[in-house]
Amino acid sequence: MPLQQVLEDAYVAGWRAARSGAVRTGLLAWLEARGGHVAGHVRSLFAIHDVADRVDLDLAWWTYDAVAAVDEHLAARGGEARVFEYGAGASTAWLARRSGSVTSVEHDAGFAEFLAPLLTAYPNTTLRLVPAAPSQRPAVGSRRRGHAGLDFSDYVTAIDAVEGEFDLVVVDGRARVACVRAALPRLAPDGVVLLDNADRDEYATVVGDPSLQVRVLRGATPCLPYPTSTALLRPR
């Protein structure tokens with residue numbers, strides 16, 4: 001197993017182990033009652049890879065600056081924004097609270113089954129399972145560990161099954177470069193594509209595309225002790 005994966009697994013396991021103590025001592029309740037950015041961020045660290053907890057905390061897993069920018073973007077549409085999302089999660093509920101409709105596609109059947117009950121409180125949300133197809137020569141692959149030999153073509157083109165334009169398309173799942181390319185023609189006037197983890201090398205062709213307006217928002221991120229980057233993209 002790569003060292004990075006070992007460190008990530010240890011980080012998640014450590015915070016999950018600490019959570020029981022934080023509940024027992026009342027630390028979690030104290031952080032929630034205290035409020036504010038610092039207390040809120042510390043509280044979020046206990047929610048690492050805990051979707052149900054992040055739904056309760058109303059957290060989208062992008063940089064805080066990106067969350068604020070998207071919140072403002074959606075608010076300007078009076079709660080009627082149309083959203084499409086590649087990669088479901090706590091952000092699906094966060095978006096549903098602020099939008100008119102959210103269509104989210106997820107490739108992982110087990111995760112979709114787990115998430116579905118958490119989204120029943122949001123009737124404006126549609127969760128679609130679109131798994132990858134086994135293929136010896138994937139037309140659209142993913143560099144994610146364990147995804148070799150899988151074709152994400154149907155996942156990428158799932159946006160074509162939904163009519164109309166979108167005020168926001170969130171790209172936070174698999175095959176992200178291909179998803180961005182599929183999303184851009186579907187934007188409403190002044191619509192935006194959100195690409196998470198935009199500092200990864202494999203997304204450089206999108207972030208550096210001169211045909212796009214790119215706003216990279218780097219900074220603190222819920223659940224993490226280090227900064228990450230989220231980009232907002234628009235056609236020029």
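Student: How do you know that H2 meets H3, and which residues are involved?

Tutor: In this predicted model, Leu-28, Leu-31, Glu-32 and Arg-34 of H2 meet Ala-39, Val-42 and Arg-43 of H3. Contact requires heavy atoms within 4.5 Å. By class, the contact has 4 nonpolar, no polar and 3 charged residues.

Student: How are two packed helices described?

Tutor: By the angle between their axes and the distance between the axes. For H2 (residues 27-34) and H3 (residues 37-45), the axes come within 8 Å and cross at roughly 145°. The crossing of H2 and H3 is left-handed.

Student: Ser-44 also lies in H3. What makes Ser-44 count as buried or exposed?

Tutor: The relative accessible area of Ser-44 is 0%. Buried means under 20%, so Ser-44 is called buried.

Student: What does Ser-44 touch, leaving aside its neighbours within four places in sequence?

Tutor: Ser-44 is in contact with Leu-59, Tyr-64, Pro-222 and Cys-223. As for Ala-29, that residue is 15 residues from Ser-44 in sequence and 12 Å from it in space, C-alpha to C-alpha.

Student: Tyr-64 belongs to H5 as well. How do you know whether the span of H5 agrees or disagrees with what is expected of a helix?

Tutor: H5 covers residues 64-75, which is 12 residues. The expected span is 1.5 Å times one less than the number of residues, and for H5 this gives 16 Å. The end C-alpha atoms of H5 are 16 Å apart, so the two values agree.

Student: Which residues of H5 are buried?

Tutor: They are Tyr-64, Ala-66, Val-67, Ala-69, Val-70, His-73 and Leu-74.

Student: Why are E3 and E8 said to stand at the edges of the sheet?

Tutor: The sheet is open and has 7 strands, in the order E3-E2-E1-E6-E7-E9-E8, with mixed pairing. Strand E3 (125-129) and strand E8 (212-219) each have a single partner strand, so one side of each is left without a neighbour in the sheet. On average, neighbouring strands are turned by 15° against each other, direction ignored.

Student: What packs on this sheet?

Tutor: H5 does, touching E1, E6, E7, E8 and E9. The direction of H5 makes about 130° with that of E8. Helix H9 (residues 176-183) lies across E1, E6, E7, E8 and E9, and runs at about 175° to E7.

Student: What makes E1 and E6 a pair of strands?

Tutor: Strands pair if there are at least two bridges between them. E1 (residues 82-86) and E6 (residues 166-171) have 4 bridges, in the parallel sense, so they count as paired. Val-83 stands opposite Leu-168 in E6, and the bridge partner of Phe-84 is Val-169.

Student: How many bridges join E6 to E7?

Tutor: There are 5 bridges, and the pairing is again parallel. Here Val-170 stands opposite Leu-194 in E7.

Student: Why is E6 called mostly covered?

Tutor: Of the 6 residues in E6, 6 are buried.

Student: What makes Leu-118 partly exposed?

Tutor: Leu-118 has 26% relative accessibility. Buried means under 20% and exposed means over 50%; 26% falls in between, so Leu-118 counts as partly exposed.

Student: Where is Leu-118, and what does Leu-118 touch?

Tutor: Leu-118 is in the loop between helix H7 (109-115) and E3. Not counting residues up to four places away in sequence, Leu-118 touches Val-51 and Ala-52. Leu-118 and Val-51 are 67 residues apart along the chain, with their C-alpha atoms separated by 9.0 Å.

Technical notes:
Residues are numbered from 1 along each chain as its sequence is written. This is a predicted model: local features need pLDDT of at least 70, side-chain atom pairs count only at pLDDT 80 or more; totals for chains, interfaces and linings use all residues. Side-chain values use heavy atoms; hydrogens and water are left out. Helices (H or I, at least four residues) and strands (E, at least two) are DSSP runs, numbered from the N terminus. Buried means under 20% relative accessible area, exposed over 50%, partly exposed in between (1.4 Å probe, protein chains only). Axes are lines fitted to C-alpha atoms, for helices over the stretch in contact, and angles run from 0 to 180 degrees between N-to-C directions. A crossing is left-handed if the near helix is turned anticlockwise from the far one by less than a right angle, and right-handed if clockwise. Ala, Val, Leu, Ile, Met, Phe, Trp, Tyr, Cys and Pro count as nonpolar, Asp, Glu, Lys and Arg as charged, and the others, Gly among them, as polar.
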